[in-house]
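Open the model in your viewer and follow the stops below. Each one says what to select and what is there.

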Amino acid sequence: MQSEKLRLRKIQRLAYEIMDEMHKEKNQLELHKFIPIIDNLARAIGDLTDSTGQYSLDYVEEKVKNAHAFLFSKEKVDIYS
């Protein structure tokens, strides 16, 4: 199993790719595409901001991977490779 630090770096990389892609100048992206992306990212942030400090790295990984896959219209990325 990878260290938590490495897993967080990979999640961060995916999040930055999402930010970069959404800020690129292009024709209007289909608005329906944003709904599942925003939903998955909001769920990941919600889990990370639990007031007790308890969060599931597995859950956060899954939600960020889902958002990334929706945006780039591809299969879920293998965060472990």
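Select Arg13 in this predicted model. Arg13 is partly exposed, with 43% relative accessibility. Add Glu17, which is also partly exposed, at 29%. The two form a salt bridge, and their closest N and O atoms are 3.1 Å apart. Both residues belong to helix 1 and, being 4 residues apart, are separated by about one helical turn.

Next, select Arg43 and Asp39. These residues form a salt bridge with closest N and O atoms 3.0 Å apart. They lie in helix 2, again 4 residues apart, or about one helical turn. Arg43 is partly exposed at 42% relative accessible area, and Asp39 is partly exposed at 33%. Elsewhere, salt bridges with shared partners join Arg7, Asp58 and Glu61 into one network.

Stay with that network and select Glu61 and Arg7. Their salt bridge has its closest N and O atoms 2.7 Å apart. The pair links distant parts of the chain, with Glu61 in helix 3 and Arg7 in helix 1, 54 residues apart. Are these two residues buried or exposed? Glu61 is buried, with a relative accessible area of 3%, and Arg7 is buried too, at 8%. The whole structure has 4 salt bridges.

Last, select Leu8, Ile11, Gln12, Ala15, Leu41, Ala44, Ile45, Leu48, Val60 and Val64, which line the largest pocket. Helix 1 (4-23), helix 2 (31-48) and helix 3 (57-72) each give two or more residues to this lining. The pocket has a volume of about 170 Å³. Its lining has 9 nonpolar residues, 1 polar residue and no charged ones.

Methods
Residues numbered from 1 in each chain as written. Predicted model: local features only at pLDDT ≥ 70, side-chain atom pairs only at ≥ 80, totals over all residues. Heavy atoms only, no water. 1 Å grid on protein atoms, 1.4 Å probe; cavity = no way out; pocket = protein on both sides within 12 Å on 5 of 7 lines; lining within 4 Å. Points joined across faces, edges and corners; volume = space filled by probe spheres on them. Nonpolar A, V, L, I, M, F, W, Y, C, P; charged D, E, K, R; others polar. Salt bridge = Lys/Arg side-chain N within 4 Å of Asp/Glu carboxyl O. Buried < 20%, exposed > 50% of the residue type's maximum accessible area, 1.4 Å probe, protein only.
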